[in-house]
Amino acid sequence: MKRLFQQQTFHKKKHSLSSGISLQLRNLTIDNKDKQRIVFSGIQPTGNLHLGNYLGAIKNWVILSNTKNKGHTEEERNKIKSLIHKEDENIEIKNNNCSLLHIKEDDILFHKKFFCVVDLHAITMPQDPIELKKSSFELICMLIACGLNPIVNNNDGCHLFLQSHIPAHSQLSWIFGCNVSENRLKRMHHYKDKKNENTSIGLVSYPILMASDILLYSHIKDHSYNHEVYIPVGDDQKQHLELSQEVAHQFNYKFKKNIFNIPKGIYPLHCNRIMNLRDGTKKMSKSDPSDLTRINLIDTDDMIINKIKKAKTDILQEPIYYDKEKRPEISNLMEIYVSLEESGKLKMEDLQRLYPNLDNNKFKKDLSEIIVNHIRPIRENYFKLLKEKDYINQIIKDGADNANEFTQNALREIMKDVGFYGF
């Protein structure tokens with residue numbers, strides 16, 4: 001997968017616009033002055049969350065959710081900056097086009113943080129209505145249990161809501177869908193992986209709704225406001241983010257004005273993708289029929305210990321070392337260890353030195369303890385929150401109210417730019 005594209009060369013590498021358009025886009029530069037930095041991301045309410053979901057996405061959400069907007073330390077600023085991929089950082093510094101890289105002590109780090117359960121995305125595949133409602137509520141509880149800080153608790157927190165409660169997401173999706181070709185969408189991995197003879201239009205247009213989710217929070221209104229959105233993404237979602245960037249470029253060119261800032265990606269520090277505990281070449285997944293392939297966030301201590309004990313390593317008579325090609329299973333366990341290690345400063349070479357012997361038992365025992373200590377409070381908080389229905393419903397309502405106010409303002413201006421009467 002290519003990393004996020006350079007603005008000047010994107011249309012030479014990707015699918016839809018000519019090189020002449022790309023050259024003209026260079027003149028549509030966006031001033032960093034008074035940019036309001038927004039964080040946005042979403043997750044589907046399907047099945048129990050597992051360690052791969054946590055390390056690939058939610059752990060980053062927690063960091064972003066709990067970072068102070070003002071009064072932040074240099075260490076906190078550097079921690080957030082480090083989440084921008086190095087290739088993108090070099091591009092953005094060169095173009096002076098990423099305000100997060102230039103923040104100072106007195107600047108607001110993020111003006112707003114939006115996280116949601118993308119229940120509209122979930123129905124691209126058949127869903128039982130009762131189960132969908134139940135899993136949406138449970139996922140909000142789990143996100144808070146993992147450490148997301150809803151704004152109802154703290155002014156530096158985040159807005160947490162359900163995607164279906166925000167009509168602007170669907171409305172903008174229709175506008176975008178009328179400007180992106182069907183063939184372009186059918187090249188997306190999501191469609192290729194799940195298509196069959198009964199494939200719905202929703203599965204084809206899924207990436208357009210995702211682009212709408214993102215770009216509603218990256219809108220520019222002349223001299224009134226200038227929103228710059230940052231998207232925490234895992235390895236699976238890079239292609240969708242690239243499409244959102246492409247759509248933003250297309251609209252800025254087509255309507256000859258800066259309608260959208262180009263969204264930026266934020267990446268996990270250590271691991272993009274946590275793999276199957278029984279097969280290091282496959283992703284850890286909710287859908288795998290064997291529960292031994294994953295660590296669920298609701299697993300008991302004993303279940304976690306047993307799963308790590310039975311996790312596949314390899315038959316090489318060598319101490320542990322990191323090599324995803326030659327030793328995918330042991331490398332996967334090492335990634336989990338480094339990602340959950342308490343100091344956050346442990347490197348792979350440090351981990352290798354800790355276990356110089358051939359026996360993997362000590363390594364697995366220590367890894368089990370690290371995972372148990374990390375997941376136990378999440379699990380306990382989750383089961384407590386399930387009983388606080390009124391509290392959770394209030395968080396969802398407050399989050400939706402704030403997201404609706406924000407997105408309706410943006411949608412009205414976009415509809416005006418497109419040419420709809422009365423806006």
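**Packing around the helices and aromatic rings**

In this predicted model, His240 sits in helix H12, which covers residues 238-254. With a relative accessible area of 4%, His240 is buried. Leaving aside residues up to four places away in sequence, its contacts are Met188, His190, Tyr206, Pro207 and Met210. Two of these names, Met188 and Met210, turn up again below as members of a nonpolar core.

H12 also serves as a packing partner for helix H8 (residues 167-177): the buried residues of H8 pack against H12, strand E1 (36-43), H11 and H17. The H8 residues in question are Ala168, His169, Leu172, Ser173, Ile175 and Phe176. Looking down the axis of H8, these buried residues fall within an arc of 160°, so they line one face of the helix. The spacing fits a general point: an α-helix has 3.6 residues a turn, so residues three or four places apart point the same way.

Now for the rings. The count of aromatic pairs comes to 15. Tyr217 and Phe406 make a stacked pair, with 5.5 Å from centre to centre and 15° between the planes. Tyr217 belongs to the loop between helix H11 (201-215) and strand E4 (220-221), while Phe406 belongs to helix H17 (residues 389-418), so the pair ties together parts that are 189 residues apart in sequence. Both partners are out of the way: Tyr217 is buried at a relative accessible area of 0%, and Phe406 is buried at 9%. The pair of Phe251 and Phe255 has ring centres 5.3 Å apart and planes at 45°, so this one counts as tilted. Here Phe251 is buried, at 3% relative accessible area, whereas Phe255 is partly exposed, at 23%. Tyr217 and Phe406 also belong to an aromatic cluster, together with Phe40, Phe114 and Phe161.

Charges over rings come up too. Lys256 lies over the face of Tyr253, 5.6 Å from the ring centre. Lys256 is found in the loop between H12 and strand E6 (264-266), and its backbone is a bit unusual in one respect: phi is positive, at about 55°, although the residue is not a glycine. Lys256 is exposed, with a relative accessible area of 64%. Arg327 lies over the face of Tyr321, at 4.6 Å from the ring centre.

Helix H14 (residues 328-340) is a handy check on geometry. At 1.5 Å a residue, its 13 residues should span 18 Å, and the end C-alpha atoms are 19 Å apart, which agrees. As for its surroundings, 13 of the 13 residues of H14 are buried, so the helix is largely enclosed by the rest of the structure.

That leaves the nonpolar cores. The largest has 65 residues, of which Leu51, Phe363 and Ile371 touch the most other members. Ile371 touches Leu51, Ile295, Ile304, Ile308, Ile336 and Leu340, again not counting residues up to four places away in sequence. Apart from this core lies another, of 45 residues, with Leu185, Met188, Met210 and Tyr267 among them. In soluble globular proteins, nonpolar side chains tend to be buried together.

Technical notes: Residues numbered from 1 in each chain as written. Predicted model: local features only at pLDDT ≥ 70, side-chain atom pairs only at ≥ 80, totals over all residues. Heavy atoms only, no water. Phe/Tyr/Trp six-rings, centres within 6.5 Å; stacked < 30°, edge-to-face > 60°. Helix = DSSP H or I, 4+ residues; strand = E, 2+ residues; numbered from the N terminus. Buried < 20%, exposed > 50% of the residue type's maximum accessible area, 1.4 Å probe, protein only. Lys NZ or Arg CZ within 6 Å of the ring centre and 35° of its normal. Expected span 1.5 Å × (residues − 1). Contact = heavy atoms within 4.5 Å. Arc of directions from axis to C-beta. Core = buried A, V, L, I, M, F, W, Y, C linked by side-chain atoms within 4.5 Å.
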